[in-house]
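Let's take a relaxed walk through this one together. Have a look at the fold first, and then we'll go through it piece by piece.

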Amino acid sequence: MTHLLDDETINPFEIAQKAADQIRKLSGVGTHHIALTLGSGWAKAADLIGETVSEIPATEVIGFSKPALAGHVGSIRSIKLPNGKFALVIGARTHFYENHGVRAVVHSVRTAAKAGAKVMVLTNGAGGIKPKWAGGAAVLISDHINLTASSPLEGANFIDLTDLYSARLRAIAKTVDSSLDEGVYVQFRGPHYETPAEVQMAKIMGGDIVGMSTALEAIAARESGMEILGMSLITNLAAGIQKTPLSHAEVIEAGQQAEARISKLLAEIVDKI
Ligand code: HPA
């Protein structure tokens with residue numbers, strides 16, 4: 001399927017600017033200070049971090065496509081935080097495996113930057129390589145390994161990715177819950193889950209978490225100058241670590257079970273940022 005942003009003659013940053021202008025107009029919020037992408041299991045955080053002042057169906061905003069997945073909310077919310085600042089909550093993630101191109105994957109992040117956000121919070125549901133994370137651990141992403149063989153950067157655009165996942169923001173998260181673990185996120189293309197051999201490869205490479213989002217978004221967020229907080233909900237142990245087959249139903253169920261707990265955690269973290 002073709003996507004607006006697939007057109008090489010289109011400048012993706014201009015489309016992001018247009019999207020941000022539309023969001024400003026529709027929401028009445030001039031500047032969003034922080035943006036959050038809420039993945040599987042994290043959606044309820046939107047209700048806890050503050051007062052929703054506007055909710056826009058993502059499909060009304062240029063460059064956003066319908067989410068491919070049930071369980072992913074397709075809306076863009078403006079939320080007034082207790083500290084008076086505004087958060088932009090993006091419930092419409094485009095995954096790389098949807099084949100809309102990498103520009104579409106990172107459009108929400110670029111839009112958030114154009115809407116004024118200096119901090120990008122990226123959350124996801126993912127598989128855990130460490131057995132101790134069974135049962136729905138929330139893990140801070142400390143770094144990533146990008147196995148998509150793609151990049152949102154175009155041309156000779158050499159962006160530094162040292163401390164991509166802000167040590168400052170991870171430290172803030174730990175003031176809310178000192179027991180939070182950290183891990184290296186490995187993005188695979190998907191949509192198939194990994195084979196047990198691929199999970200072992202990821203482990204040997206230094207990975208702790210396997211998933212199908214976030215790394216490409218983080219690169220684009222860094223390019224746009226934002227500070228990044230990444231968090232994974234471990235919805236299952238990765239293939240082969242867990243002895244039973246993986247299923248999307250299991251991932252959704254684990255997300256639902258963890259939702260209240262991790263949403264409260266995320267709301268408390270956002271309050272401190
Ligand atoms: N692998 C990749 N993506 C995932 C997983 C997994 O095990 N669980 C949830 N999303």
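Before we start naming places, one definition helps: helices (H or I, at least four residues) and strands (E, at least two) are DSSP runs, numbered from the N terminus. With that in hand, a place such as that of Asp 163 is easy to state: this residue is in the loop between β6 and α4. Keep in mind as you read that this is a predicted model.

**Odd backbone spots**

Let's stay with Asp 163 for a moment. Its phi is near 55°, a positive value in a residue that is not glycine. With a relative accessible area of 42%, Asp 163 is partly exposed.

Thr 214 is another non-glycine residue with a positive phi, here about 70°. You'll find Thr 214 in the loop between β8 and α6. Is Thr 214 buried or exposed? Its relative accessibility is 0%, so Thr 214 counts as buried.

There's also a peptide bond to look at. Gly 190 and Pro 191 are joined by a cis peptide bond, with omega at about 0°. Pro 191 belongs to the loop between β7 (181-187) and α5 (196-204).

**Around the ligand**

Now for the ligand. Where does it sit? The answer is the largest pocket. The residues surrounding the ligand include Gly 125, Ala 126, Gly 127, Tyr 193 and Glu 194. Val 210, Gly 211, Met 212, Thr 235, Asn 236, Leu 246 and Val 251 are also among them.

Which strands each supply at least two residues of that shell? They are β5 (119-128), β8 (209-211) and β9 (227-237). With 3 residues, β5 gives the most to the shell.

Some polar atoms face each other here as well. A ligand nitrogen is 2.7 Å from an N or O atom in the side chain of Glu 194. For Thr 235, a side-chain N or O atom is 3.5 Å from a nitrogen of the ligand. Gly 125 takes part through its backbone: one of its polar backbone atoms is 3.3 Å from a ligand nitrogen. How much of the ligand does the protein bury? Taken alone, the ligand exposes 260 Å², and the protein buries 95% of that.

**Salt bridges**

How many salt bridges does a search of the whole structure find? The count is 14. Here are three of them, with the N to O distance for each pair:

| Acidic partner | Basic partner | N to O distance |
|---|---|---|
| Glu 259 | Lys 44 | 3.4 Å |
| Glu 154 | Arg 103 | 2.7 Å |
| Glu 223 | Arg 110 | 3.0 Å |

Let's take them one at a time. In the Glu 259 and Lys 44 salt bridge, the side chains are 3.4 Å apart, N to O. Glu 259 is part of helix α7 (residues 248-272), while Lys 44 is in the loop between β1 (34-37) and α2 (45-48), so this pair ties together parts that are 215 residues apart in sequence. Glu 259 counts as buried because its relative accessibility is 13%, under the 20% limit for that label. Lys 44, at 43%, counts as partly exposed.

Next comes the salt bridge between the side chains of Glu 154 and Arg 103, at 2.7 Å. Here the loop between β6 (138-146) and α4 (167-176) holds Glu 154, and helix α3 (residues 102-114) holds Arg 103, so the pair links parts 51 residues apart in sequence. Glu 154 counts as partly exposed at 41% relative accessibility, whereas Arg 103 counts as buried at 10%.

Helix α3 returns in the third pair, where Glu 223 and Arg 110 meet at 3.0 Å. Glu 223 lies in helix α6 (residues 215-223) and Arg 110 in α3, so parts 113 residues apart in sequence are tied together. Arg 110 counts as buried, at 3% relative accessibility. Salt bridges with shared partners also join Asp 163, Arg 170, Lys 174 and Glu 182 into one network, and that brings back Asp 163, the residue with the positive phi.

**Across the model**

To finish, try a longer view. Asn 83 is in the loop between β3 (75-80) and β4 (86-90), and at 40% relative accessibility it counts as partly exposed. What separates the C-alpha atoms of Asn 83 and Ala 239? The separation is 42 Å, for two residues that are 156 residues apart along the chain.

Definitions and conventions
Residues are numbered from 1 along each chain as its sequence is written. This is a predicted model: local features need pLDDT of at least 70, side-chain atom pairs count only at pLDDT 80 or more; totals for chains, interfaces and linings use all residues. Side-chain values use heavy atoms; hydrogens and water are left out. A salt bridge is a side-chain nitrogen of Lys or Arg within 4 Å of a carboxyl oxygen of Asp or Glu. Buried means under 20% relative accessible area, exposed over 50%, partly exposed in between (1.4 Å probe, protein chains only). A residue is near a molecule or strand if one of its heavy atoms lies within 4 Å of it. A polar contact is a pair of N or O atoms within 3.5 Å; within protein, one must be able to donate a hydrogen and the other to accept it, and residues adjacent in sequence count only if both atoms are side-chain atoms. Accessible areas come from the Shrake-Rupley method with a 1.4 Å probe; for residues, only the protein chains shown count as cover. On a 1 Å grid over the protein atoms alone, a cavity is a set of points where a 1.4 Å probe fits but cannot get out, and a pocket is an open set with protein on both sides within 12 Å along at least five of seven lines; lining residues have an atom within 4 Å of a point. A molecule sits in a cavity or pocket if more than half of its atoms lie within 2 Å of its grid points.
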